Amino acid sequence: MGRFSFLFFFLFFLFFTFLSVLHLSFLKPVRAQPLYTNSRWIVDEDGGRVKLACVNWPTHLEAVVAEGLSKQPVGMISKRIASMGFNCVRLTWPLFLATNQSLASLTVRQSFQRLGLLESIAGFQANNPSMLDLPLISAYQAVVSGLADNNVMVILDNHLSKPGWCCSSFDGNGFFGDQYFDPDLWVEGLTRMARLFRGVANVVGMSLRNELRGPKQNVKDWYKYMQKGAEAVHLANPDVLVIVSGLNYDTDLSFVLKQELELTFTGKLVFEMHWYGFTDGSAWESGNPNQVCGRVVGSIMGRGGVLLEKGWPLFISEFGVDQRGTNVNDNRYLNCFFGLAAELDFDWALWTLIGSYYTREGVIGMEEFYGMLNWNWCGIRNSSFLRRISALQAPFQGPGLSDAKPHKAIFHPATGLCVVKKSVFEPLTLGPCMKSDSWTYTPQKTLMMKGTYLCLQADGPGKPGKLGIVCTEPGSNWETISDSKMHLVTKLDDGTTVCLDIDDSNNNIVTNACKCLNGDNSCDPASQWFKIVNATNILTRPVIQISSNLDVNGPKHDI
């Protein structure tokens, strides 16, 4: 048994060594452009901020093939990702892809055949014929290269060990020592993947493990094994960011505030968290949105958000909603999420890209309503959501922008737009944040248009917000109230108070009686939620230019 085990791992070592050489033979040379960390920011070699605005593309389910390739060509999907404004993909993978020779050497065709997915084979033959007889690990590389061809960065995310849907506390994949989660094998798999993608310019990060969880989870083993995994990845591939998740389904990093993760390298460590509406059950639907938002944001900050203030990058590597728009719980959560995301300007990855699965939990062709794309992967599921999220794709702030002058923007989470002035003769309205006016928020709590004597003023309930020059009169001082800290309220000369609001018919700025401050769970305050956020005059977000990678139409190889 011992001799057989030694022979097996020796042959597997040769297999992955061959793959490392093989992938260099059909990957065209590229100029590596690694990313680094500078305090809480992710930056390029010149020190300029690179905001990760990613979308998740699962490859960890039973087929171990990036979803959707039976529906559309890999190049077309990659191009669509870039055209939607995402500069990055969090590409998931199961540990066994890197540690199980019999799995990694299966061809795409063979993987589908063993699952009885004959329709997927036909779709693959039509859309990605050159990939159909590639080994699974080579097909994974081909996806990375298709993304490189479209200047899309990649984060390799070890999602679980045994291929399948994630996650459960009792699925054997949750924590070190679980049935399918051998810590030594995990380090070995991370090392192999890090080596395999060393020198591949668009692979900018590796996420060590998705959603640690289950009855075995504990802080002591977290430090022990996360340190080993991080060091192994950095040793094998010092170019990539090392992304580390927390406990309790990646919702808790609070322990890191008490004890840092000790590593031999610097400038590469990023922490990640997940945040969904369902993380808090049905609280958003059953409670008052202001109170729920205040409570949940306080919890998020305490369990990890405060790391940004401590000088560590924080990557919200999963968030998302039912994009049909009918889930009240999700819709209310998303308004709160957008407010915090604009305020903190953290890096993020949306769940998910995909419109449907080859197979998920025994259902062939299951539709994914959290997906950006529709079932057949040929169209956008919710174009208004795409327009809204575009506000978060560009950075509001960050280093390397010496020519930009810091200012404030007034962000409206429910629309993803900012307060803009078309002219002095037209009412204030909402528009793209890239065209936002520059504001200052003074100690006297006036919102002044930067470089002018004009300030935001209220004229009364139901009336348009206006710009005035006598900024000491009533209706000129704006304070944030309510638990969400997103109502902007001012007092008029008759002693009544009004909140900033929008006219739903035209998105013009108006003032109305403040609504939904507490108690009422049937009331939705979204139209009156605004965030005063730090910003700079950024016109474009950095894009890493990457030359062509894999020729997916090249010769096939027998592994």
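**Exercise 1. A charged residue and its partner**

Arg-213 is buried, with a relative accessible area of 0%. Find the residue that forms a salt bridge with Arg-213, and say where both partners sit.

*Solution.*
Step 1. Note the source: this is a predicted model.
Step 2. Recall the principle. Side chains of opposite charge can pair when their charged atoms come close.
Step 3. Look for the partner. Asp-171 forms a salt bridge with Arg-213, and the closest N and O atoms are 2.8 Å apart.
Step 4. Place the two residues. Asp-171 is in the loop between strand 5 and helix 8 (183-196). Arg-213 is in the loop between strand 6 and helix 9 (219-236). The pair links distant parts of the chain, 42 residues apart.

**Exercise 2. A second link between the loops**

Which parts of the chain does the pair Lys-216 and Asp-178 tie together? Classify each partner as buried or partly exposed.

*Solution.*
Step 1. Check the contact. The side chains of Lys-216 and Asp-178 meet in a salt bridge, 3.9 Å from N to O.
Step 2. Locate the ends. Lys-216 lies in the loop between strand 6 and helix 9, and Asp-178 in the loop between strand 5 and helix 8, so the pair ties together parts that are 38 residues apart in sequence.
Step 3. Apply the cut-off. Buried means under 20% relative accessible area. Asp-178 has 12%, so Asp-178 counts as buried. Lys-216 has 44% and counts as partly exposed.

**Exercise 3. Other salt bridges**

How many salt bridges does the structure hold? Describe the pair Arg-324 and Asp-322, then name the residues linked with Arg-49 in a network.

*Solution.*
Step 1. Take the total. The structure holds 16 salt bridges.
Step 2. Examine the pair. The side chains of Arg-324 and Asp-322 meet with N and O 2.8 Å apart.
Step 3. Compare accessibility with the classes. Asp-322, at 8%, counts as buried. Arg-324, at 47%, counts as partly exposed.
Step 4. Turn to the network. Salt bridges link Arg-49 with Lys-51, Asp-345 and Asp-347.

**Exercise 4. The barrel**

Trace the closed barrel and state how its strands pair. Then work out what lies on either side of strand 9.

*Solution.*
Step 1. Follow the order. The closed barrel has 8 strands and runs 3-4-5-6-7-8-9-10, with parallel pairing. From one strand to the next, the twist averages 25 degrees.
Step 2. Recall how such pairing works. Strands of a sheet pair through backbone hydrogen bonds, either parallel or antiparallel.
Step 3. Take strand 8 (residues 269-274). It runs parallel to strand 9, and 4 bridges join the two. Phe-271 has Leu-314 in strand 9 as its bridge partner.
Step 4. Take strand 10 (residues 347-350). It runs parallel to strand 9 (residues 314-319), joined by 3 bridges. Phe-315 stands opposite Asp-347 in strand 10. Phe-319 stands opposite Leu-350.
Step 5. Test the cover. In strand 9, 6 of 6 residues are buried.
Step 6. Link back to Exercise 3. Asp-347 is also part of the salt-bridge network with Arg-49, Lys-51 and Asp-345.

**Exercise 5. A helix on the strands**

Which strands does helix 7 lie across, and at what angle does it run to strand 4?

*Solution.*
Step 1. Find helix 7 at residues 136-148.
Step 2. List the strands. Helix 7 lies across strand 3 (53-57), strand 4 (88-94), strand 5 (153-160) and strand 6 (203-207).
Step 3. Read the angle. Helix 7 runs at about 175 degrees to strand 4.
Step 4. Check one residue at its start. Leu-136 is among the residues touched by Thr-107, along with Leu-132, Asp-133, Leu-134 and Pro-135. Thr-107 is found in the loop between helix 4 (101-104) and helix 5 (108-114). Thr-107 is buried, at 14% relative accessible area.

**Exercise 6. The surface and the whole chain**

Which residues make the nonpolar surface patch of about 390 Å²? Then sum up the chain.

*Solution.*
Step 1. Name the patch: Tyr-453, Ile-469 and Val-470.
Step 2. Place one member. Val-470 is in the loop between strand 20 (466-468) and strand 21 (479-481). Val-470 is partly exposed, at 44%.
Step 3. Widen the view. The chain exposes about 21800 Å², with 53% supplied by carbon and sulfur atoms. Buried residues make up 59% of its 559 residues.
Step 4. Count the elements. There are 13 helices and 25 strands.

Terms used:
Residues numbered from 1 in each chain as written. Predicted model: local features only at pLDDT ≥ 70, side-chain atom pairs only at ≥ 80, totals over all residues. Heavy atoms only, no water. Pairing = 2+ DSSP bridges. Helix = DSSP H or I, 4+ residues; strand = E, 2+ residues; numbered from the N terminus. Axes fitted to C-alpha atoms, helices over the stretch in contact; angles between N-to-C directions. Contact = heavy atoms within 4.5 Å. Patch = residues over 30% accessible without salt bridge, like charges linked within 9 Å, V, L, I, M, F, W, Y side chains within 5 Å. Areas by Shrake-Rupley, 256 points an atom, 1.4 Å probe, with all protein chains shown as cover. Salt bridge = Lys/Arg side-chain N within 4 Å of Asp/Glu carboxyl O. Buried < 20%, exposed > 50% of the residue type's maximum accessible area, 1.4 Å probe, protein only. Lists of a residue's contacts leave out its neighbours within four places in sequence.
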